Amino acid sequence: HTRVLRIDVTGHDHPGLTHSLTAILARSDARILDVGQAVIHDSLALGMLVELTDEMKSSSLLTELLLKAHEIGVRIHFTAISSEEYDAWVQGQAKGRYIVSVLGPALNAAHLAAVSGVIAGVGLNIDRIDRLSGRTPLEADGAGRVCVELSASGDLSSEDEMRSALMALTREAETALAVGLHH
């Protein structure tokens, strides 16, 4: 009764990797319901939700994807998602969405822990974290800028409470840390 297939791909990133896998899906006229990709120090994490038709179930699609993944040196994992699980996930996406931007000369674990603590403390879930600035060299002299964006979702009872907590972090930071909240 599976209508949705989650495809998780991990491994060493290189040009053309996403194309080689999605080209196989394209031959089956697959509809992609959701997709996300991140690369951290040449390590790829790619995830897709694909609508799984009866034709696709009886085809060699999964075998072709497995063979291609092996050929290009990545791991691929398939997870069947029921219609009920998918519908519940879609309904959960209707919650409020917020973006928290963090800007400073450096990003320390304490900064990320403090910001993520505020987000969790008001009942939101972090859905994605993106680095918006360039990569940080090891020999950074403190003159650079690091900017990350955290996308969060959930039912927020008081946006003012969250803004106040984030502003308090900005005042308490030992370095010039700026934190902002956007809808």
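Which residue in E3 is the bridge partner of Gly11? In this predicted model, the partner is Leu44. That pair is a good place to start, and from there we can walk outwards.

Let's look at the strands around this pair. Strand E1 (residues 2-12) and E3 pair in the antiparallel sense, over nine bridges. As a general reminder, the strands of a sheet pair through backbone hydrogen bonds, and they may do so in a parallel or an antiparallel way. Here, four strands make up an open sheet with antiparallel pairing, and their order is E2-E3-E1-E4. At the edges sit E2 and strand E4 (74-82), each of which pairs on one side only. On average, neighbouring strands of this sheet are turned by 10 degrees against each other, with direction ignored.

Now add the helices. Helix H1 (residues 17-27) packs on the sheet and touches E1, E2, E3 and E4; the direction of H1 makes about 15 degrees with that of E3. Helix H4 (residues 83-92) also lies across E1, E2, E3 and E4, but H4 runs at about 95 degrees to E4.

Finally, turn to the loop between strand E2 (32-40) and strand E3 (43-51), where His41 is found. Asp42 is in the loop between E2 and E3 too. Most residues other than glycine have a negative phi. His41, however, has a positive phi, near 45 degrees, and the phi of Asp42 is positive as well, near 65 degrees. How exposed are they? His41 counts as exposed because its relative accessibility is 76%, and the cut-off is over 50%. Asp42, at 43% relative accessibility, counts as partly exposed.

Conventions:
Residues numbered from 1 in each chain as written. Predicted model: local features only at pLDDT ≥ 70, side-chain atom pairs only at ≥ 80, totals over all residues. Heavy atoms only, no water. Helix = DSSP H or I, 4+ residues; strand = E, 2+ residues; numbered from the N terminus. Buried < 20%, exposed > 50% of the residue type's maximum accessible area, 1.4 Å probe, protein only. Pairing = 2+ DSSP bridges. Axes fitted to C-alpha atoms, helices over the stretch in contact; angles between N-to-C directions. Contact = heavy atoms within 4.5 Å.
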